Amino acid sequence: MLTGQLIAAVTTRGSGASRVIERDLLVTRNNLMVFVSGFVEPVFYLFAIDVGLGRLVGDVTGPDGGPVSYAAFAAPALLAASAMNGAVYESTFGIFFKMRWGKLYDAMLATPLTPTDVALGEIGWSQLRGLAYACAFMTVMVVMGLVASPWAVLAIPAAILMGFAFGAVGMAVATFMRSWVDLDMVNLALLPLFLFSATFYPLDVYPRSLQMLTQLSPLYHGVALIRSLTLGTIGPGLLLHVAFLAAMAVVGGIVASRRLHEQLLP
Amino acid sequence: MVARGLTKRFGELTAVDAIDFDVHTGEVFGFLGPNGAGKTSTMRMIGAVSPLTGGTLQVLDRDPATDGAEIRARLGVVPQENTVDEELSVTDNLYIYGRYFGMPRAQVRRRIPELLEFAQLTDRADDKVTVLSGGMKRRLVIARALINTPSMVLLDEPTTGLDPQARHLVWDRLHELTRQGVTLLLTTHYMDEAEQLCDRLVVMSDATIVAEGSPRELIATYAGREVLEVRFPPGHRYAGWTGLDGIGSRREVLADRVIIYGDDAEQLTSAVTHSGVEVASMLVRRASLEDVFLRLTGRRLIE
Amino acid sequence: MTGALRVLEGQLVAYRRTWRGSVITTFINPVLFLSAMGLGLGSLVDRGARLGSLSYLAFYASGLLAAQAMQTGVGDAAFPVMAGFKWSKTYHTALATPIAIRDLVFGHATFILLRVTLAAVAFALVAAIFGAFAVTAALTAVPVVVLCGLAYALPVMAFTASREHESALIAVFRFGLVPMFLLSGTFFPLDQLPGWLQAMATLVPLWHAIELVRALTLDAASALPWAAHVGYLTLWLVVGALLAPRMFRRRLVA
């Protein structure tokens, strides 16, 4: 009986969210070029890393202490960074624009859709996009010979987990923003994360005090997780990274859904 | 629809203060009042997108607190601002809105041409909404509100900002809806709009209802039959004079003129002529909702 | 000309509201990039000494000095200009006054010039503090960097004016800016690229600017005579300056 109600609740929720996704698909169809061009960007980056920086740097220390080529080291970090950027931009700039300027959600909420439907739909759409880009990125990595292990398949769900973690926190942040100037702060926060999360070189390059600080960076956990998967250095320590990201997703999600409810239905 | 003691507070501010009203199926019911009187807050509560602070509300025999989605499924909403989806075409705006209601795709597609026809937007079907004029956008929003064949449509200032032609076109479309038996709830601060459309209306001022009835009843009760508007020569202002006291049943002193209410305009005119007050012009007209509005909410506007 | 100054004044008034954040990033971003890439990644590159006696920090800093001007130039000439036509419609508002179309173009270009100059000076100072190169040498490179910024800004302003939808701008960033940024010698010497890509890179204004900046700051020999590099950058600037008012007119008046 209870299970029946639960299933009914989930399916109605799901169908509500799917209609929000349908709207985003319609918009994407109108701007297909923008969507498709997103697949080209990682190719440029991976190429520059491979023929450019890779040849300047040579080999670096991998997660297991052994040497790996620089390109195989940096490529998974770029995948993680693009998962972070995609989720954060979508949830901050995207949501802020739709909520404050487009008044899009006001129109949606005048229909049987609920704020939960809207939030789930937007997160779902952001994740579908993230999935598409992550798959494309992995394909390029495989073609360029930058993937060392079949565990790499799990890098795609790992990127999705990152999307949930950063998307939820981004959405929570977006509900506190009042103007476009506040969005500059988002950029200001993302850049150091991008540069100092063991993205472009191993942790041992940093002084010891900075190494500790780096471990607080949420991107660091995403990078470390995805890098270990594509390089095939698997160990129980990876679960720690997973737990960190999952905790971000849960806390961000709770704050975001409370704040959204208050703001959308005053 | 039944509201009893309906109240909405935002922190310290009371936007709607314990109002009572009933709306009957198939009628056109209006909320008339100046900006900030609480009309939009009332509409949002009826539309089940804003929780009540106090009182009870039944919309389409349901409680918005528990059956919000079910109520919204049977409502059409025309918000004060045009909340069109600027990234989509006219057709896609209608299509996706139908999908928000969970309507099957084929059913939405069948409905779109009828609605485009209704809104006279058939030749703009594939245009982006960003290039539409204000009147066209408004018609699109009204058509959009009808996609789910609602039993009741909420219109928040449906014609504010439109030119006279566009307003008449919207009124015409709304009359057509009432002929189909749809209940309409609208807010407005245009008297002519309220007189044109409403079967019954309430006048709101300062978060409360100050009068209720049909336009005709309201005029009879609060304004009388006829009105004499008296204007004075340049430089003369009536404020503080007493020369017109006692003429007609009531007088309203405005910044530029005095409005005298009574049942017989000829009698009023001759009384003014004999009063000795120097007058630039006099105009006789039938009492209108504007007079009701000024009487009930007007003093505040002059101050 | 006074009209252009009034347009500039309008930009600066608007900038007053946001300058704090922008000045912070003007100084913070070079610090972040130079410490992460120049020092951090540089320590790995210098291990192999693949750039000879040249430190990666100096190589990267000189490239980024020019690349940053390109990014500021393109960035300020794309979405803010589209906003003037489409979102905030400030150009329509301005045209209802005695402001002429040329004033809009050159007022905005002057604003970009100021922004690029500020960013270049800030970067040069930060890089000098990092020890990438001498501060005097860096400051002599600033005019080249500003020329580079405008050689991008004016053609991009013309392009933006010619497009209805902002998706064209996203394409400019993804297919233009990103590959130019990555493959014109900012991060690694061009000779690591396949021959055909090297040939293509010589068509990129950024490459010419980087050659000049490296010649000025690192005493490196430039690939072509200075006059050729400067001439090529000026060519882009002049073409942009001729096209932009035309495209603005077509968008606003026709």
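In this predicted model, the lining of the second largest cavity is made up of seven nonpolar residues, one charged residue and no polar ones. That cavity holds about 40 Å³ of space. Around it sit Ile95(A), Tyr105(A), Val118(A), Ala119(A), Glu122(A), Met171(A), Leu260(A) and Leu264(A). Two elements of chain A, α5 (115-143) and α10, each give two or more residues to this lining. The biggest contribution is from α5(A), with three residues.

Stepping back, the total count is two cavities of 30 Å³ or more. The general idea behind such a search is simple: rolling a probe the size of a water molecule over the atoms shows where empty space is left. The largest cavity comes out at about 60 Å³. Its lining draws on chain A through Leu104(A) and Ala107(A), and on chain B through Thr83(B), Val84(B), Asp85(B), Asn93(B), Ile96(B), Tyr97(B), Tyr100(B) and Arg144(B). The elements that supply two or more of these residues are α4 of chain A and α3 (90-100) of chain B. Of these, α3(B) gives the most, with four residues. Sorted by class, the lining of the largest cavity has six nonpolar, two polar and two charged residues.

Next come the pockets. The second largest pocket offers about 680 Å³ of space. It is lined by 30 residues, and those closest to its centre are Lys103(A) and Asp106(A) from chain A plus Thr40(B), Arg44(B) and Pro79(B) from chain B. On the chain A side, α3 (70-101), α4 (104-109) and α10 (238-264) each put two or more residues into the lining, while on the chain B side α1 (39-46), β5 (75-78) and β6 (152-156) do so. The largest share belongs to α4(A), which brings five residues. By class, the lining of this pocket splits into 17 nonpolar, five polar and eight charged residues.

What about the places where nonpolar side chains gather? In soluble globular proteins, nonpolar side chains tend to be buried together. Here the largest nonpolar core has 149 residues, and the members that touch the most others are Tyr70(A), Leu41(C), Tyr56(C) and Phe248(C). Take Phe248(C): leaving aside residues up to four places away in sequence, it touches Val81(C), Phe85(C), Tyr91(C), Ile101(C), Leu104(C), Val105(C), Met157(C) and Ala161(C). There is also a second, separate core of 107 residues, with Val28(B), Ala37(B), Val77(B) and Ala166(B) among its members.

Chain B deserves a look of its own. Its secondary structure adds up to 10 helices and 13 strands. Its C-alpha atoms fill a box of roughly 75 × 45 × 35 Å along the principal axes. Chain B is divided into domain 1 (2-214) and domain 2 (224-287), and the centres of these two domains, taken over C-alpha atoms, are 39 Å apart. Of the 303 residues in chain B, 53% count as buried. Looking at contacts in chain B between residues at least 6 apart in sequence, 68% join residues at least 24 apart.

One residue of chain B rounds off the picture. Glu252(B) lies in strand β11 (residues 250-253) of that chain. Is Glu252(B) buried or exposed? Glu252(B) counts as buried because its relative accessibility is 1%, and the cut-off for buried is under 20%. Its C-alpha atom is separated by 40 Å from that of Leu75(B), a residue 177 places away along the chain.

Notes:
Residues numbered from 1 in each chain as written. Chains lettered and ligands numbered in written order. Predicted model: local features only at pLDDT ≥ 70, side-chain atom pairs only at ≥ 80, totals over all residues. Heavy atoms only, no water. 1 Å grid on protein atoms, 1.4 Å probe; cavity = no way out; pocket = protein on both sides within 12 Å on 5 of 7 lines; lining within 4 Å. Points joined across faces, edges and corners; volume = space filled by probe spheres on them. Nonpolar A, V, L, I, M, F, W, Y, C, P; charged D, E, K, R; others polar. Core = buried A, V, L, I, M, F, W, Y, C linked by side-chain atoms within 4.5 Å. Buried < 20%, exposed > 50% of the residue type's maximum accessible area, 1.4 Å probe, protein only. Contact = heavy atoms within 4.5 Å. Domains from an automatic or database assignment.
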